[in-house]
Amino acid sequence: MSKILVTGGTGFIGRHVCTELLERGHTPLIFDRHLKARREGCEQILGNTRDAESVTEAVAHVDGVIHLAGVLGTAETVGNPRPAAETNVLGGLNVFEAVAQYEVPAVNIAVGNYWFNNTYSITKNAAERFALMFNAERGTQIAVVRALNAYGPHQVPAGPFGASKVRKIMPAFICRALLGHPIEVYGDGEQVMDMVHVRDVARTLVNALLIPHGVYDRVMDCGTGRATTVNEVALEVQLHTDAPLVHIPMRQGEKPGEVVLADTTTLPAEIAGGPFIELEAGVDETVGWYRSYWLPEWS
């Protein structure tokens with residue numbers, strides 16, 4: 001059994017990563033600036049990755065790091081890019097420096113739409129490149145995993161349906177539909193995305209840390225490789241409700257017709273750890289979760 005630091009461990013992906021670690025007999029050490037109710041089997045530290053001293057102290061007591069902490073958002077970060085830059089770039093550097101100092105392996109989560117011209121994509125791409133630089137020049141073992149569009153149970157919706165400050169496609173579609181509102185689709189809805197279930201993302205991230213693989217000179221894509229339009233995602237959600245679809249203007253930081261797909265050849269089979277969940281089954285489960293655990297709060 002080993003102790004694994006999970007920065008951003010109370011977030012959507014972090015929650016599932018901690019579950020995956022616990023199921024494998026490891027102890028997650030959650031490092032987050034927003035600690036919630038204590039999870040059985042997990043240890044917690046209240047901290048911010050922007051604080052180099054607290055990051056270094058935390059890394060000194062673990063056997064590996066899964067770095068998930070970050071400021072998210074596309075349109076949400078365009079008007080005020082500084083928090084994302086300070087957290088995603090400088091916070092990432094603090095983690096990489098500590099990993100180099102204590103010679104522990106790590107995983108850095110990156111984004112599939114790394115070329116988009118918005119604050120989130122720009123800053124996460126910068127951190128991704130720094131991680132690869134550390135591997136090449138300072139001998140670290142930081143696996144860089146680009147998680148595509150993760151979805152699944154426990155993803156917090158944005159207002160007015162939840163406390164998240166970032167609008168994500170699946171909770172936005174599902175929560176509106178379950179409450180009888182139209183499903184809002186940006187633009188013509190023909191943007192292509194790669195929807196990957198969060199449990200597949202969590203398994204891949206943990207495998208990238210724990211399984212020897214030697215892939216430290218390039219990025220691994222965690223996605224299905226299945227081209228799915230936003231319209232198709234909306235229609236899949238619509239199958240479970242009577243909500244109509246409406247189209248609204250594109251938001252800042254994104255362009256019509258973008259294609260964001262995983263290159264599945266970059267992810268070794270042993271790191272993927274098996275077939276990924278099909279979208280139809282994943283949406284069915286996710287809608288069921290919101291219907292059972294989220295909708296009652298709005299009844």
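**Close-up views of a predicted model**

**View 1. Strand 4 and its neighbours.** In strand 4, Val-65 is the bridge partner of Leu-5. This model is predicted. Strand 1 covers residues 3–7 and pairs with strand 4 in the parallel sense. Four bridges hold that pairing. Strand 5, residues 106–111, also runs parallel to strand 4. Three bridges join strand 4 to strand 5. His-67 stands opposite Asn-108 of strand 5.

**View 2. The two faces of strand 4.** Are the faces of strand 4 covered or uncovered? Both are covered. Gly-64 and Ile-66 lie on one side, and both are buried. Val-65 and His-67 lie on the other side, and they are buried too. Val-65 is also the residue paired with Leu-5. His-67 is also the residue opposite Asn-108.

**View 3. The whole sheet.** Seven strands form an open sheet. Their order is 3-2-1-4-5-6-11, and the pairing is parallel. Strand 3 (43–46) and strand 11 (219–222) stand at the edges. Each has a single partner strand, so one side of each is left without a neighbour in the sheet. From one strand to the next, the twist averages 25°.

**View 4. Helices on the sheet.** Helix 2, residues 52–59, packs on the sheet. Helix 2 touches strand 1, strand 2 (27–32), strand 3 and strand 4. The direction of helix 2 makes about 175° with that of strand 2. Helix 5, residues 119–138, lies across strand 5, strand 6 (142–147) and strand 11. Helix 5 runs at about 150° to strand 5.

**View 5. Helix 2 against helix 4.** Two packed helices are described by the angle between their axes and the distance between the axes. Helix 4 spans residues 82–102. The axes of helix 2 and helix 4 come within 9 Å. They cross at roughly 40°. Helix 2 and helix 4 are therefore oblique to each other. Their crossing is right-handed. Which residues of helix 2 meet helix 4? They are Ala-52, Val-55, Thr-56 and Val-59. On the helix 4 side stand Asn-94, Val-95, Ala-98, Val-99, Gln-101 and Tyr-102. The residues of this contact divide into seven nonpolar, three polar and no charged.

**View 6. A cis peptide bond.** The bond from Gly-159 to Pro-160 is cis. Its omega is near 10°. Where does Pro-160 lie? Pro-160 is in the loop between strand 7 (149–151) and helix 6 (169–178).

**View 7. Positive phi at His-154.** His-154 is also placed in the loop between strand 7 and helix 6. Phi of His-154 is near 80°, a positive value in a residue other than glycine. His-154 is partly exposed, with a relative accessible area of 29%.

**View 8. Positive phi at Glu-103.** Glu-103 has its place in the loop between helix 4 and strand 5. Phi of Glu-103 is near 55°. That value is positive, in a residue other than glycine. Is Glu-103 buried or exposed? Glu-103 is exposed, with a relative accessible area of 72%.

Terms used
Residues numbered from 1 in each chain as written. Predicted model: local features only at pLDDT ≥ 70, side-chain atom pairs only at ≥ 80, totals over all residues. Heavy atoms only, no water. Buried < 20%, exposed > 50% of the residue type's maximum accessible area, 1.4 Å probe, protein only. Pairing = 2+ DSSP bridges. Axes fitted to C-alpha atoms, helices over the stretch in contact; angles between N-to-C directions. Contact = heavy atoms within 4.5 Å. Parallel < 35°, antiparallel > 145°, perpendicular 65-115°, else oblique. Left-handed = near helix turned anticlockwise from the far one by under 90°. Nonpolar A, V, L, I, M, F, W, Y, C, P; charged D, E, K, R; others polar.
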